[in-house]
Amino acid sequence: MLMLVGIAATAVPAVAANPQAAWFTIMSSYGGTWLLGLGITIVFAASMGHVDGSVQVCGLQIANDLVNSGRRQLSDSQLMRVREEAA
């Protein structure tokens, strides 16, 4: 659905002039302040999810590669504790 909105938005002159702001231009033009606020909230939530996923992956990499690379292999529960402390 989002792809169809993006393809349809290419015909809007304001979007063609500034493609980086296409999402916000469409929200503001067709939905007004309330839809623009909803669009900003969606972008903010997606950004938070991305940052959270990146932090979780970093913690997992630290637990698996750095801590578990020694002679003694840790159990899954011990690795989970290390990952939680790293994140």
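Where does Gln 20 lie? Gln 20 lies in the loop between H2 and H3, and the legends below start from the whole chain before turning to that loop and other sites.

**Notes for all views.** This is a predicted model, in which local features need pLDDT of at least 70 and side-chain atom pairs count only at pLDDT 80 or more, while totals for chains, interfaces and linings use all residues. Residues are numbered from 1 along each chain as its sequence is written, and side-chain values use heavy atoms, with hydrogens and water left out.

**View 1. The whole chain, an α-α-α-α pattern along the sequence.** The protein has four helices and zero strands; helices (H or I, at least four residues) and strands (E, at least two) are DSSP runs, numbered from the N terminus. The radius of gyration is 21 Å, well over the 12 Å that the globule rule gives for 87 residues, so the protein is more spread out than a compact globule. That radius is taken over C-alpha atoms, and the globule rule is 2.2 Å times the number of residues to the power 0.38. Along the principal axes, the C-alpha atoms fill a box of roughly 65 × 20 × 20 Å. Of the 87 residues, 16% count as buried; buried means under 20% relative accessible area, exposed over 50%, and partly exposed in between (1.4 Å probe, protein chains only). The accessible surface comes to about 6700 Å², of which 66% belongs to carbon and sulfur atoms. Accessible areas come from the Shrake-Rupley method with a 1.4 Å probe, and for residues only the protein chains shown count as cover. Among contacts (heavy atoms within 4.5 Å) between residues at least 6 apart in sequence, 14% join residues at least 24 apart.

**View 2. Confidence along the chain, with a mean pLDDT of 84.** pLDDT is the predictor's confidence in each residue, from 0 to 100. At least 70 is the score of 94% of the residues. Confidence is lowest in helix H4 (residues 76–86), at a mean of 77, and highest in helix H2 (residues 13–17), at 90.

**View 3. The nonpolar surface patch at Leu 4.** Met 1, Leu 2, Leu 4, Val 5 and Ile 7 make a nonpolar surface patch of about 570 Å². Patches are made of residues with over 30% relative accessible area and no salt bridge; like charges are joined within 9 Å, and nonpolar side chains (Val, Leu, Ile, Met, Phe, Trp, Tyr) within 5 Å. A salt bridge is a side-chain nitrogen of Lys or Arg within 4 Å of a carboxyl oxygen of Asp or Glu. Leu 4 is found in helix H1 (residues 2–9) and is exposed, with a relative accessible area of 58%.

**View 4. The loop residue Gln 20.** Gln 20 has a relative accessible area of 75% and is exposed. Its C-alpha atom is separated by 19 Å from that of Gly 32, twelve residues apart along the chain.

**View 5. Thr 25 and Ile 26 in helix H3.** Helix H3 covers residues 22–66. Thr 25 is buried, with a relative accessible area of 18%, and Ile 26 is buried at 15%. Leaving aside neighbours within four places in sequence, Thr 25 is in contact with Ala 14 and Val 15. On the same basis of not counting residues up to four places away, Ile 26 touches Val 5, Ala 9, Val 15 and Gly 31. Ile 26 and Ala 14 are 8.9 Å apart, C-alpha to C-alpha, and twelve residues apart in sequence.

**View 6. Gly 49 and Ala 63, further sites in helix H3.** Gly 49 is partly exposed, with a relative accessible area of 44%. From Gly 49 to Thr 10 the C-alpha separation is 28 Å, with their positions 39 residues apart in sequence. Ala 63 counts as buried at 1% relative accessibility. The C-alpha atoms of Ala 63 and Glu 85, 22 residues apart along the chain, are separated by 9.5 Å.
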